[in-house]
Each structure stands twice: as C-alpha cells, then as structure tokens.
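Biologist: I have a model open and would like to learn how to read it. Could you walk me through a few features with me asking as we go?

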Amino acid sequence: MTLAEFVEKYNGKKIDYDGHYGSQCVDVFRQYCKDVLAIPHTGGVVGAAELFTKYEAMPLEQKYFERVPYKAGMLPEAGDVVVFGATQTNQYGHVAIVLDASSEAIAVFEQDGFAQDGAHVGSWSYRRVLGFLRKR
C-alpha cells in the first residue's frame, strides 16, 4: 500500500491498532508501519515522544528507522514519521506521518487521542518537533 492509499483508506476513520486507550496518534504510526512500510511493531511506549527519546532502547526501531534529530531549516520527506515533544497540557507528545513540508509547516496524517475524532490531514509548525524517523 502506498502512503496516498493509506490516507485514502483511513481518512476520517478511527484507528485503534492495539485495541487499548481508544484511537491514539501512536495507533496511526503502528498501522502505517504495518500497511505501508511492512515492518513489525517496534515496541511499546508510554507516549508518542518516546518513539524518539527512547530510540536507543528500542532495537526493532533502530533496525527499521534512522533517527533524524530536527535542526532549524531542515525539511522532512513525505513518508517520514515526525515526533513532537510533550507540553504542559500533553505529557505524551505527538506522532504523525509526513505528507509534505515547507519551511513554515508540515502537512501530516494524524489522529488526536484526546479528541477521539479519527484520522485526518493536519498541519503543524516546527515548534515542538523533536525529530523524524526515516525508514532505512
């Protein structure tokens, strides 16, 4: 399945890959790994930010992804996984799939675990980006 087919299939639908905690952003990441990247589950996390901050402790993630720390001015590639850091109101961070990027914003396919309103296309600034996971 291509990234475009993935977005078409799941846009507007709730993705609950693991059957726990409802439709979370990490569920989109897991479904993307299975359907598009054809790789296994990379291990459990407490929150999305740990996909980046605990990378060294996740051997399957290391096997399948290159960890790319964000530096001002860099642009992610379509298909990269963008990981955002925690905030005062969201201790878990966020993860989404990159669709496109400019110097001002990243277009992503994502799901909001708080809103529980299903997967959708969204846009984010680079303000809280920790980095990207790029398939090896």
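Biologist: Let's start with one side chain. Where is Gln111 found?

Modeller: Gln111 sits in the loop between β4 and β5. Keep in mind that this is a predicted model.

Biologist: Is Gln111 buried or exposed?

Modeller: Compare its relative accessibility with the cut-off: under 20% is called buried. Gln111 comes out at 0%, so it counts as buried.

Biologist: Which backbone atoms lie by the polar end of the Gln111 side chain?

Modeller: There are two to look at. A polar atom of the side chain is 2.9 Å from the backbone oxygen of Ile15, and the backbone oxygen of Gln24 lies 2.8 Å from a polar side-chain atom of Gln111.

Biologist: And which residues does Gln111 touch, leaving aside those up to four places away in sequence?

Modeller: Among them are Lys13, Lys14 and Ile15, then Ser23, Gln24 and Cys25, and also His94, Gly118 and His120.

Biologist: Cys25 is on that list. How many disulfides does the structure hold?

Modeller: The general idea comes first: a disulfide is a covalent bond between the sulfur atoms of two cysteines. In this structure the count is 0.

Biologist: Why is Cys25 not bonded to Cys33?

Modeller: Check the sulfur distance against the cut-off, which is within 2.5 Å. The cysteine sulfur closest to that of Cys25 is in Cys33, and it is 13 Å away, too far for a bond. Seen from the other end, Cys33 has its closest cysteine sulfur in Cys25, again at 13 Å.

Biologist: Are these two cysteines buried or exposed?

Modeller: Cys25 counts as buried at 9% relative accessibility, and Cys33 is buried too, with a relative accessible area of 2%.

Biologist: Now the sheet. In what order do the strands lie?

Modeller: Read across the sheet rather than along the chain. The 6 strands form an open sheet in the order β1-β6-β2-β3-β4-β5, with antiparallel pairing. β1 (65-69) and β5 (120-124) stand at the edges; each has a single partner strand, so one side of each is left without a neighbour in the sheet. On average, neighbouring strands are turned by 35 degrees against each other, direction ignored.

Biologist: How many bridges join β2 to β6?

Modeller: Strand β2 (residues 81-84) and strand β6 (residues 129-135) run antiparallel and are joined by 4 bridges. In the viewer, look for Val83, which stands opposite Gly131 in β6.

Biologist: Which strands does helix α2 touch?

Modeller: Helix α2 (residues 25-37) packs on the sheet and touches β1, β2, β3, β4 and β6, its direction making about 55 degrees with that of β3. Helix α1 (residues 3-10) lies across β3, β4 and β5, at about 120 degrees to β3.

Note on methods. Residues are numbered from 1 along each chain as its sequence is written. This is a predicted model: local features need pLDDT of at least 70, side-chain atom pairs count only at pLDDT 80 or more; totals for chains, interfaces and linings use all residues. Side-chain values use heavy atoms; hydrogens and water are left out. Buried means under 20% relative accessible area, exposed over 50%, partly exposed in between (1.4 Å probe, protein chains only). Two strands pair if DSSP finds at least two bridges between them. Helices (H or I, at least four residues) and strands (E, at least two) are DSSP runs, numbered from the N terminus. Axes are lines fitted to C-alpha atoms, for helices over the stretch in contact, and angles run from 0 to 180 degrees between N-to-C directions. Contact means heavy atoms within 4.5 Å. A polar contact is a pair of N or O atoms within 3.5 Å; within protein, one must be able to donate a hydrogen and the other to accept it, and residues adjacent in sequence count only if both atoms are side-chain atoms.
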